[in-house]
Structures are given as C-alpha cells and as structure tokens.
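Me: I would like to go through a structure in questions and answers. Please show the sequence and the model, and then begin.

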Amino acid sequence: MGKKGKKEKKGRGAEKTAAKMEKKASKRSRKEEEDLEALIAHFQTLDARKTQVTETPCSPPSPRLFCITSSMSTTSRRTLGPKLTSLVHLQGAVLTRSAGGPSGRSGHRMVAWKRQLILFGGFHESTRDYIYYNDVHSFNLDTFVWSKLSPSGTGPTPRSGCQMSVTPQGSIVIYGGYSKQRVKKDVDRGTQHSDMFLLKPEDGGEGKWTWTRISPSGVKPTPRSGFSVAMTPNHQVLLFGGVCDKEEEESLEGMFFNDLYFYDAARSRWFLGQLKGPKSEKRKRRRARAEDHEGARELERGAASAPEPLEVVKEVVAEDGTVVTIKQVLTAPGSASCPPPEEEDGAVEAGPRVEPCPRSSAMLAVKHGLLYVYGGMFEAGDRQVTLNDLYCLDLHKMEEWKVLVEMDAETQEWLEDTDSEEDSSSAEGAEGRDEDQDEDSGEETGEEEEGSHS
C-alpha cells in the first residue's frame with residue numbers, strides 16, 4: 001500500500017473514533033437527563049403528598065447550578081438548566097415542609113450517620129419556664145423526612161451541650177452535658193453530667209436502636225460543660241476546655257479549663273493529652289543530664305586512681321626519758337579533693353509556656369493533623385470576656401501550642417448585667433451626694449469657726 005492509501009485509511013480511522021466518542025457523549029447526556037427527570041418526578045411525588053405548606057421567613061436560594069451538576073457533561077449542564085432550576089426550588093420546598101420533626105430548641109447535638117442525621121437532646125427556655133430534652137430524632141437524607149426514634153434500654157437524662165460523635169464501629173457516643181431543675185420557687189440547681197452512653201443500631205432491625213451506659217477506663221475529664229469537641233485523624237474524639245460552675249443560691253462561680261482529653265472508642269479508654277515540649281528544650285535537658293553523668297564518672301575515676309595517703313610514724317623522747325610515738329597522715333601529691341559541682345538553679349530554664357488561656361465555648365477544627373482553636377469566653381469577676389485569638393497544635397507531635405493570632409485586648413468584649421450597671425450608677429450617685437453633703441458641712445463648720453474667732 002502506498003503513502004496515499006495509508007493516509008486515507010488513517011483519516012477514516014480518526015473519523016470513526018470521533019463518531020464513537022460523539023455517540024458515547026450523546027448517550028451519556030441522554031442518560032443523565034433521564035436520571036435527572038426521574039429525580040424531579042420523585043420530588044414532585046413527595047410534594048404532591050404534602051397537604052400543608054409552611055412558608056419560612058428566609059428567602060429561597062436564587063436559580064443556580066450547584067454541586068449536583070459537577071459530574072455532568074457540558075452539553076447536559078447547558079440543556080438542563082431550567083430543569084435544574086426547578087429542582088433547586090423543589091428541594092427547598094421539601095426541606096421546609098417536612099413535618100413530625102423535633103420541637104424548636106437549642107443546645108442540641110447532631111451527627112451524620114450513613115444517610116441520616118441523628119439529633120439528640122437540647123433545651124427550650126421561655127420567660128416563664130424551661131425544659132430539657134433527651135429525645136432522639138432521625139432525618140432521612142433521601143426522603144427528607146423526620147422520624148422519632150425510640151431506642152430500647154436506659155438512656156441519658158435530659159440535657160444540652162453534650163458530646164455527640166460517631167465511633168469507627170458505627171455507634172454514637174453521648175458524653176456529659178448540662179441541665180438544671182427547679183428545687184424551689186425561683187431557685188434552680190444546675191447539674192454537670194459526666195456519664196457516658198452508647199447509642200447502637202440493632203442488627204437486622206432498620207430504625208431500631210439500643211441505649212447502653214458505658215464506663216471507659218483511663219483518665220476521664222472532670223465534670224464540666226461548654227467544652228469543645230473535634231475528631232482526630234486516627235478517629236479518636238478530642239475534648240478541649242470547658243467550665244465547671246459552682247452554683248449557690250445567690251452566687252455562681254466558674255472554673256475554666258484549657259486541657260485536652262482523647263477518647264479511643266476502639267479501646268473504650270480516655271487519655272489525658274500531655275505535651276512533650278519543643279525539641280530544643282528536650283535537647284537541653286538531655287545535654288544537662290549527660291554532663292551530670294560525665295562529671296560523676298570523672299569523680300569516680302579520680303577517686304580510683306588517686307594514690308593512697310602516706311602514714312609517717314615518729315618517736316620523740318621527752319626530757320624525762322618518756323618515749324612518745326606520733327603518727328601523721330600526709331596527703332599524696334595531686335590527690336587534692338575536688339569540691340562537688342554546684343547545682344545551678346534553673347540550668348535549663350524553660351520559657352513561658354504558650355497555650356490558650358482557660359475558656360469555654362471555643363471552636364475547634366482539625367486539618368492535616370493540626371488542631372485549630374479559635375475564640376471562646378471566660379469570666380473575670382462579673383465580666384464575661386469574649387476572645388478572638390487563634391492557636392494551633394500538631395496532634396502527631398504533641399510538642400507545643402503555636403499562636404497564629406494573638407488576643408487583642410482592645411477588641412475584647414464583655415457582657416454585664418443591666419442590674420449591675422444600675423447598681424453602679426446608683427452607687428456613683430450616692431457617692432456624689434455624700435461628697436456634696438461633706439462639702440456643705442465643711443463650709444458650715446468653717447463659718448462657725450470664723451464667728452467664734454471674731
């Protein structure tokens with residue numbers, strides 16, 4: 001075959017390849033369109049079952065293409081734009097119309113478990129009363145329907161602000177939290193829980209769960225609330241900070257924390273997070289210990305190689321003929337004793353430890369094995385100070401905290417009760433009145449003295 005025939009055959013092969021690719025792209029586009037139409041029909045069926053429409057005060061999303069279209073071809077995204085727009089609006093409608101969900105609350109916790117969102121606890125407080133919850137609800141991410149779960153076994157008492165996380169084994173852990181109850185009129189007593197429970201799905205029973213109380217070993221966190229939780233790269237639960245409130249009838253004092261705890265679900269064990277310190281300090285400590293050992297060895301070698309002392313015996317005859325024997329021990333040359341090395345106070349002085357100050361309600365995030373801690377609050381007397389600093393800790397090395405953003409004292413904010421402000425203003429007014437009265441009495445006394453002298 002000549003060169004001309006080879007070129008013609010090569011050209012026909014390229015045309016066939018292009019035709020096959022175009023056919024595959026067209027087929028894939030039709031398949032994506034059919035799948036999307038089926039999805040829209042499914043949502044329309046769910047929408048038709050709704051008998052009551054609840055409008056939300058917030059505006060729905062504007063028409064747009066979002067992440068659901070990221071795997072579609074360019075042709076599909078261009079031709080299916082109107083259908084995707086209706087899908088966005090329809091999804092928003094379904095999400096806001098789902099009935100049978102949990103009541104309005106705050107302080108609850110929620111985790112993603114397979115194709116569901118599992119919600120637990122929380123509280124609701126009004127001007128007259130309050131209520132704490134320990135109910136469990138599930139939201140199906142495929143049907144957008146809430147379901148109330150009724151786990152068997154004895155579960156946690158009503159509470160808010162607890163730890164809720166999913167274990168690598170597929171169970172859900174609940175730890176700690178806070179609740180309060182009324183002991184008498186206008187007197188409430190708070191409880192900081194330190195118990196731990198496991199919410200486990202039953203084998204073969206869809207939607208069936210079981211509560212089990214567990215008692216992990218190890219170093220457990222002290223009772224507290226307002227702590228922050230994150231998941232480490234090795235699937236351990238990390239707990240940071242918090243506050244322990246000591247409540248009395250007319251006072252409330254809080255002890256804030258900045259410690260770290262890790263919970264290993266596989267071993268059901270708590271660990272206290274301890275920092276090793278920077279490498280430079282560790283090298284100094286090792287060098288100091290090596291020098292101490294070397295000095296001790298030199299002393300031992302010197303003592304072993306030193307010559308024995310000389311003993312000289314002399315006999316002296318006194319005038320009366322008495323013979324007196326005198327023994328004298330002479331130190332051999334070069335065997336002078338060396339004083340022990342003086343201990344230097346603070347030979348390895350560690351600089352001030354860099355770490356977040358004790359706080360509660362901080363935000364945590366873990367990225368590439370680095371733990372980030374931002375903000376939170378603590379109390380200074382009657383003031384509640386909010387923080388804006390940012391710290392970082394390498395969870396793999398566990399050496400030291402690093403400051404990414406230092407706390408700006410000028411931008412700190414604190415919250416004060418209006419009653420205390422009124423008290424302070426009234427106190428200032430009283431002080432002003434007392435000063436005026438003192439000045440008036442001083443003027444009167446002066447006038448009386450002038451009259452007596454005249």
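Me: Which residue in S3 does Phe-120 stand opposite?
Reply: The model is a predicted one, in which local features need pLDDT of at least 70 and side-chain atom pairs count only at pLDDT 80 or more, whereas totals for chains, interfaces and linings use all residues. Residues are numbered from 1 along each chain as its sequence is written, and side-chain values use heavy atoms, with hydrogens and water left out. S2 and S3 pair in the antiparallel sense over nine bridges, where pairing requires that DSSP finds at least two bridges between two strands. The residue in S3 that stands opposite Phe-120 is Val-136.

Me: In what order do the four strands of this open sheet lie?
Reply: Strands of a sheet pair through backbone hydrogen bonds, either parallel or antiparallel. Here the pairing is antiparallel; strands are DSSP runs of E with at least two residues, helices are runs of H or I with at least four, and both are numbered from the N terminus. The order of the open sheet is S1-S2-S3-S4.

Me: Which strands stand at the edges, and by what angle are neighbouring strands turned against each other on average?
Reply: S1 and S4 each have a single partner strand, so one side of each is left without a neighbour in the sheet. Angles are taken between N-to-C directions of lines fitted to C-alpha atoms, for helices over the stretch in contact, and run from 0 to 180 degrees. The edge strands are S1 and S4, and the average turn, direction ignored, is 25°.

Me: How many residues apart in sequence are the parts that Asp-142 and Arg-115 tie together?
Reply: Asp-142 and Arg-115 form a salt bridge, with the closest N and O atoms 2.8 Å apart; the term denotes a side-chain nitrogen of Lys or Arg within 4 Å of a carboxyl oxygen of Asp or Glu. Asp-142 lies in the loop between S3 (130-140) and S4 (146-149), and Arg-115 in the loop between S1 (109-113) and S2 (116-125), so the parts tied together are apart in sequence by 27 residues.

Me: Is Asp-264, the salt-bridge partner of Arg-267, buried or exposed?
Reply: Buried means under 20% relative accessible area, exposed over 50%, and partly exposed in between (1.4 Å probe, protein chains only). The closest N and O atoms of the pair are 3.1 Å apart. Arg-267, at 55%, counts as exposed. Asp-264 has a relative accessible area of 11% and is therefore buried.

Me: How many salt bridges does a search of the whole structure find?
Reply: Another salt bridge joins the side chains of Asp-188 and Arg-182, at 2.9 Å from N to O. Asp-188 is partly exposed at 29%, and so is Arg-182 at 43%. The search of the whole structure finds eight.

Me: With which side chain does Arg-359 make a polar contact of 2.8 Å?
Reply: Arg-359 is found in the loop between S15 (323-330) and S16 (363-367), and its 0% relative accessibility makes this residue buried. Beyond its neighbours within four places in sequence, Arg-359 is in contact (heavy atoms within 4.5 Å) with residues including Phe-240, Phe-256, Met-377 and Tyr-391. A polar contact is a pair of N or O atoms within 3.5 Å; within protein, one must be able to donate a hydrogen and the other to accept it, and residues adjacent in sequence count only if both atoms are side-chain atoms. The partner at 2.8 Å is the side chain of Asp-389.

Me: What share of the residues in the chain is buried?
Reply: The chain has five helices and 20 strands. Of its 454 residues, the buried share is 27%.
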